[in-house]
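Please look over the sequence and the model shown here before reading on. The report that follows goes from single residues to the whole chain and then to its helices.

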Amino acid sequence: MRTPTVLAASLALVMAPLTLAALPATAAPPAADDHPLGDLAPTPPMGWNSWNTFGCDINEQLIRDTADALVASGMRDAGYEYVNIDDCWMAPERDADGRLQPDPVDFPHGIAAIADYVHARGLKLGIYSSAGTATCQGLPASLGHEEIDAQSFADWGVDYLKYDNCNNQGVPAIERYQAMGDALAATGRDIVYSICEWGTNDPWLWGRDVGGHLWRTTGDITDRWDSVMSLLDQQVGLEAYSGPNGWNDPDMLEVGNDGLTRTESRAHMSLWALLNAPLIAGNDVRDMEPWVLDQLTDPDVVAIDQDWGGEQGSKLRDDGDAEVWSKPMSDGSVAVVLLNRGGNTQTVASTARDLGLRSSKFYSVRDVWADTTRTSGGTIRASVGSHAAEMYIVSAARAPSHPPLVSLDAAAPYYTAVGEQTTVTTTVYNDGATAISELQLGLDVPAGWTATQDGSPRPSLPPGESTSVDWTLSTTNPEAGRVDVEASASWLSDEVRDGATQQTSFLQVEPIPTGQHYLSDLEWMEASSFWGPVERDMSNGEQAGGDGGPITIAGTTYEKGLGVHAPSTVTYFAAGDCATVAAQVGIDDETNSQGDVIFELWGDGQQLASSGVVSGGDPAVPLSADLAGVDVLRLRVLDNGGPNYDHADWADAQITCS
Ligand code: GLA
């Protein structure tokens, strides 16, 4: 149902002043011809790699079909030129002459034949080995065989080597990566050298010297929002080490893979481009939806990534869930990402001054995903959805040649009790350099809800001003669950109608009934688990390929409890009426003593109790907290360094409410 309103009177919002952050100092990258293996990656490499989607399930047909798909889809022409075979291409034994050989079943025609196939399509071939005695999947690798292996790669026509770090026998990293760099150089073939050392020994300090054209700065990516955000955080401070022929690599793309929403994928792509990351697609390009191809090949976004003359982008501002990232471009413009890591829509803003742009009355703001351009008087602001990013290229302009930059914010509370009225506030900001008029606002609410506008906002907005209106939402059929609403605004600028919409949502929650309850018998507000759903009265069980078995910690089995995989959060609405929560926490025996996590209880944003590190095989730890006055109870499990085997049990978890 739409409730349109013509706005009158004024309510200008006072804006918090933006902090002035200095742009990071950038070391000038060494001249390209200094590079030991040559000028092979003047801009960040682009291509595809088998690992993220296919793991060890690869064969020569997949590689050929992928090469064909890169051509047919237009990805090759957009810049994706490397077709990279990851782990598992090799046979379990070297041949009689000590050479690596391809798996005879999966790659019967050999690597040289694939290289020919790929080259005939204007593409290049990448391959994989490890600077260890075996690859991460236990197949033969190159430590101590650098020369013979590099020569095989060169003989086969390989153009790119990803060189991993598994089974390295404790030999110092620089020594191992130098040995392969020297061996590649000795072949005389142009081979891009991708150092996959996971950032363990600061490869940004020595990667270029040993011949690397790019180096992983982190552990592996997974197709999870948490993973993308955690890798992003690990790039802060490394900006100065990235440049032509020596790129920081925050790992391959998960764009289009199942674990990320379309919005999350777009944020991931925006941020990787801003970081000058190598763009190595990790999806099945033989079968992708049009939006996936659009995200991977957006010309503006690819151009930002490939703008080597600028600098790697960096975090300019951090307001918790709201972040501003920026990257100076070689043409004097600035690429900016407004990121919202939080669970609900919020407005994120920066200024031309903070972005380091020269002083001007007007700025042109190109929205690279929407392909629209607007004029700003100096503020770059957008309402950004949950787990989303907006990306712009901002430059100083001579005249206000485009419609004014206007944004629409829709602010809803995180939750309200079922049946209670809720207020949603919509705000229109005119950040343009000219006025807008005939402003109209609307709010779409689901069936059974009504929205009443409280107060009268202004019909016209001069540049630099904003106007807000509150909407009271009520319902005739109260029900627990998420309520999605969509705000809309439309206005006239220079006789032309322009408009915006923005979604937001809130939760309607039931308080926990009085008495003592197992948490697994109650409805939660929200629940998340890294792998698999949050299980009731069962362990996570993902290892066994699905739902878990009985909750079991150090030999003791529990009938009741929650089974999760860290990182995980389960939230309950205690409504200030509960006294205590208590559980026996531990890692489920199904991991065979692997994994380590930290269990925490939080009330209204404050930590109430922590288990400290609990490892696989440890006996259950009793964890409890006093809940007097707590509205929102959060059960969190942290992965303590990485989400491996972190099957966490909240055994016997009970809450007592009055
Ligand atoms: C390591 C690497 C990954 C992938 C796998 C293959 O984990 O970091 O990118 O190559 O090995 O086994």
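Is Thr 476 buried or exposed? Thr 476 is exposed, because its relative accessible area is 73%, where exposed means over 50% relative accessible area, buried means under 20%, and partly exposed means in between, for a 1.4 Å probe and protein chains only. This residue, Thr 476, lies in the loop between strand 23 (466–475) and strand 24 (481–493); helices (H or I, at least four residues) and strands (E, at least two) are DSSP runs, numbered from the N terminus. Thr 476 and Ser 333 are 143 residues apart in sequence, and their C-alpha atoms are 52 Å apart in space.

The model is predicted, so that local features need pLDDT of at least 70 and side-chain atom pairs count only at pLDDT 80 or more, while totals for chains, interfaces and linings use all residues. Residues are numbered from 1 along each chain as its sequence is written, and side-chain values use heavy atoms, with hydrogens and water left out.

## The whole protein

The protein has 11 helices and 38 strands. Along the principal axes, its C-alpha trace spans about 80 × 70 × 40 Å. A compact globule of 658 residues would have a radius of gyration near 26 Å, and the 27 Å of the protein agrees with that; the radius is taken over C-alpha atoms, and the globule rule is 2.2 Å times the number of residues to the power 0.38. Of the 658 residues, 54% are buried. Among contacts (heavy atoms within 4.5 Å) with a separation of 6 or more, 73% are between residues 24 or more positions apart.

## Helices and what covers them

Helix 10 (residues 290–297) is mostly covered, with six of its eight residues buried. These buried residues are Trp 291, Val 292, Leu 293, Gln 295, Leu 296 and Thr 297, and their cover includes helix 2 (60–73), helix 3 (75–78), helix 9 (262–274), strand 9 (279–281) and helix 11 (299–305).

Two packed helices are described by the angle between their axes and the distance between the axes. The axes of helix 9 and helix 10 come within 10 Å and cross at roughly 15°, where axes are lines fitted to C-alpha atoms, for helices over the stretch in contact, and angles run from 0 to 180 degrees between N-to-C directions. That makes helix 9 roughly parallel to helix 10, since angles under 35 degrees count as roughly parallel, over 145 as roughly antiparallel, 65 to 115 as roughly perpendicular and the rest as oblique. The contact brings together Arg 262, Ser 265, Arg 266 and Met 269 of helix 9 with Trp 291, Gln 295 and Leu 296 of helix 10. By class, the residues of this contact are three nonpolar, two polar and two charged; Ala, Val, Leu, Ile, Met, Phe, Trp, Tyr, Cys and Pro count as nonpolar, Asp, Glu, Lys and Arg as charged, and the others, Gly among them, as polar.

Helix 9 also appears in the cover of helix 8 (residues 225–233), which includes helix 9, strand 11 (322–328), strand 12 (334–340) and strand 17 (388–397). The buried residues of helix 8 are Trp 225, Ser 227, Val 228, Met 229, Leu 231 and Leu 232.

Another pair is formed by helix 5 (residues 146–156) and helix 6 (residues 173–187), whose axes come within 8 Å and cross at roughly 45°. Helix 5 and helix 6 are therefore oblique to each other. Their contact is made by Glu 146, Glu 147, Ala 150, Gln 151, Phe 153 and Ala 154 of helix 5 and by Ala 179, Met 180, Ala 183, Leu 184 and Thr 187 of helix 6. Seven nonpolar, two polar and two charged residues make up the contact of helix 5 with helix 6.

## Strands and loops

Ser 611 lies in strand 35 (residues 606–615) and counts as buried, because its relative accessibility is 16%. Leaving aside residues up to four places away in sequence, Ser 611 touches Val 585, Ile 598, Phe 599, Val 621 and Leu 623.

Pro 567 is placed in the loop between strand 31 (561–565) and strand 32 (568–573), and a cis peptide bond with omega of about -5° joins Ala 566 and Pro 567.

The table lists two loop residues other than glycine with a positive phi.

| Residue | Phi | Loop between | Relative accessibility |
|---|---|---|---|
| Asp 371 | near 55° | strand 14 (362–367) and strand 15 (372–376) | 46%, partly exposed |
| Tyr 645 | near 60° | strand 37 (632–638) and strand 38 (647–657) | 33%, partly exposed |
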